[in-house]
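Okay, thanks everyone, let me put my structure up on the screen. I'll pick out a couple of helices and then step back to a whole chain.

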Amino acid sequence: MNSSATGQNWPRVFLAMTVALLVTLVTACANYGSNLGDDPTSLAELAVTGGATYEDLTAGEIARRSEMAIEVRVTDVRRSYLNTEDGRFPSAEDIGSAGLGDLAVLTPVEVEVMRTLARQSQAPVLGVGESFVITVGGGAIFTVLDVDQAAALGMTTVVEQEFPEHVEGDGREADVEIEVPVTEPVDFVWGSAPDVDLSEGDVVVVFLDRVLTTGYRGATDFSAWTPVHPEGIYRQTETGDWLSTDPAEGLVNVDELAGMISPAE
Amino acid sequence: MKTASTTALWKVAFRMAVITTAIVVSVSLVGALSSPAHAHTPKQDNWDWVCSGGDGPAREPGNCGSMTSSDPPQHHTNANARFYFENSVEANGYKNSLIGGYLAWDQTNSHEFNFIRETSDTSTNANVSVTSNNICGSSTAIGCTGMGVDSNNHTVEGSSAIKFKTGISSHLINDVGAHEFGHYLGINHSDITVATMWGNIFDGQSSLAWADMRGRCQVYGHSHGYWGGC
C-alpha cells in the first residue's frame with residue numbers, strides 16, 4: 001500500500017523537478033546580462049581609433065588644389081570637438097543606430113597671420129597680425145562610458161575604476177576627452193601621440209582650402225579652413241628655408257609653390 | 001497496478017521532460033552558435049610591427065606605448081572581422097577592387113584571422129561605403145576607417161565604418177582598400193615605405209610586405225598553434 005502510494009508519487013516528483021528546472025532556466029535567461037547595470041560607478045573605457053589614407057600628391061599638386069597659402073604663428077591649439085550637433089560624444093542610442101565610424105574629430109588651431117603668400121579671389125583677405133582659425137581633422141577619441149551605455153554598445157567587459165577628474169558630470173553621462181590636441185590627420189591609439197604636431201609658437205606656411213565635413217547622424221555640416229594635405233604644412237629651418245614633411249620633397253620654395261594657386265576658381 | 005491517473009501523470013511528466021530537454025538543448029545550441037568561434041587573445045608581448053609607426057625591432061623602445069600581454073593592441077575577439085558592402089560600393093565600381101584589398105590579408109588560410117563579407121547589413125559588421133563627401137575632415141583623404149575599441153582593446157563589433165571617396169581609379173582603390181582593411185584588422189601605420197600599412201600609398205602596395213605579415217601575426221598568430229615564424 002505504502003509502496004504503491006510512493007510509486008504513484010514518483011510522476012508528481014518527476015513533474016515537480018522538471019517544472020523547477022524549467023523555472024530555473026527561464027529565470028536564468030531573464031537575468032542574463034542584467035548584472036551589467038547594477039553598479040552605477042562601474043565605468044568602461046571606449047576609444048575611437050582609425051586612420052585615413054591621403055592622395056599621394058607632390059608639393060605642386062597640393063598647391064594647385066589650395067585656395068590660400070599663409071605664413072602663420074600658432075597662438076592656441078583649442079580643445080577638439082566632434083561633428084555632432086553639439087560637438088560632444090553622441091548618446092549610446094545614436095551610436096547604437098549609427099555606429100562610431102562616422103565620427104570626425106575636428107581641432108581648431110588659432111593662428112596669427114604673418115603674411116599671405118597667395119589666395120584665390122573668394123578667399124578672405126587677412127591682414128598681418130590678424131587672428132585666424134584653421135581646423136585640422138583626424139585623430140582619435142577617448143571617452144568613458146557608464147556600464148549601461150557600454151552594455152548598449154555591446155561591450156560585455158567593463159573596468160572598475162575611479163571616475164577620472166577630467167571628466168565632467170556625475171558618472172551617468174558620457175563625456176568626451178580628446179587624448180591630445182589633434183593637429184595632424186594621423187591615426188594613433190590611446191597613449192600614443194600624433195607624428196606631427198602643431199604647438200603654440202610654431203611658425204609654418206600652410207596651404208588651405210575650405211572643407212565641408214558632413215555632420216554625424218544628420219547634424220549640421222561643418223565648414224572650415226583646413227590644410228589641403230598633411231604634407232601641405234611647411235616648417236622653417238634655422239637657415240630660413242622651408243622644409244616639407246615629405247622626405248621626397250625636402251626643402252621647398254613656398255613662394256614658388258604659392259604661385260601655383262590659381263587666381264580664381 | 002497503475003491507476004489511470006498515475007499513467008496520465010507519467011505522460012504529462014514525460015512530455016514536460018521532453019520539452020525541457022528540447023529547450024535546454026536549443027539554448028545550448030544557440031549559445032554555442034552565437035558565441036565567437038573561439039575567444040582570441042594575442043599572445044605576444046612585443047607589438048613593434050603593429051603599433052603606430054611600427055617598423056620592427058629596430059625601432060626605439062617605448063613607441064608601442066603600454067602594450068603588453070595584458071594590454072594588447074586592438075583586435076577582434078574572435079579573430080573574424082565582418083563587414084558589409086553598401087550599395088554605393090558596387091554603384092561606383094569599387095567592388096572587385098575592394099575584394100582584392102581584403103583578400104590581400106585573407107589569402108593565407110593558415111592564419112587564424114579571417115575577413116567575413118556579410119551579404120546583408122547586420123549589427124555586428126563594419127559598413128563599407130563610397131561617398132562624394134569629404135572624409136576624415138579632409139578634401140584629399142581617399143580612404144578612412146573608424147572603429148570603437150573597448151577598455152580591453154577589443155573592437156566593438158558593429159561600430160565601425162570604412163569609407164572611400166568617389167572617382168578614384170580601381171587600381172588605387174585596390175591599394176587603399178588593402179590599407180583600410182588593415183586598419184580594420186587592428187594594424188596601424190608602418191614606417192616601412194614598401195608596406196601596405198605605410199602612411200602613404202603607391203603602386204603595388206596591396207601586396208603585403210613582410211612588415212604587414214609580421215603585424216598580422218603579432219595580433220592573430222597562426223592556426224597551427226605557433227606564434228613565431230609567421
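So, to start: what should the 16 residues of α4(B) span at 1.5 Å a residue, and how far apart are its end C-alpha atoms? Keep in mind that this is a predicted model. The expected span is 1.5 Å times one less than the number of residues, so for α4(B) we should get 22 Å, and the end C-alpha atoms are indeed 22 Å apart, which agrees.

Staying with α4(B), 13 of its 16 residues are buried, so we can call this helix mostly covered. Right after α4(B) comes Gly186(B), with a positive phi near 120 degrees.

Now over to α5 of chain B, residues 210-220. That helix is mostly covered too, with eight of its 11 residues buried. Which ones are buried in α5(B)? Ala211(B) and Asp212(B), then Gly215(B) and Arg216(B), and on through Cys217(B), Gln218(B), Val219(B) and Tyr220(B). The cover over those buried residues includes α4 (170-185), the helix we just looked at, and also α3 (95-106), both of chain B. And after α5(B) you find Gly221(B), again with a positive phi, this one near 65 degrees.

Last bit, chain A as a whole. We have five helices and 12 strands there. Chain A has 265 residues, and 48% of them are buried. If you take contacts in chain A with a separation of 6 or more, 74% of those join residues 24 or more positions apart. As for the surface, chain A exposes about 12600 Å², with 52% of that supplied by carbon and sulfur atoms.

Technical notes
Residues numbered from 1 in each chain as written. Chains lettered and ligands numbered in written order. Predicted model: local features only at pLDDT ≥ 70, side-chain atom pairs only at ≥ 80, totals over all residues. Heavy atoms only, no water. Helix = DSSP H or I, 4+ residues; strand = E, 2+ residues; numbered from the N terminus. Buried < 20%, exposed > 50% of the residue type's maximum accessible area, 1.4 Å probe, protein only. Contact = heavy atoms within 4.5 Å. Areas by Shrake-Rupley, 256 points an atom, 1.4 Å probe, with all protein chains shown as cover.
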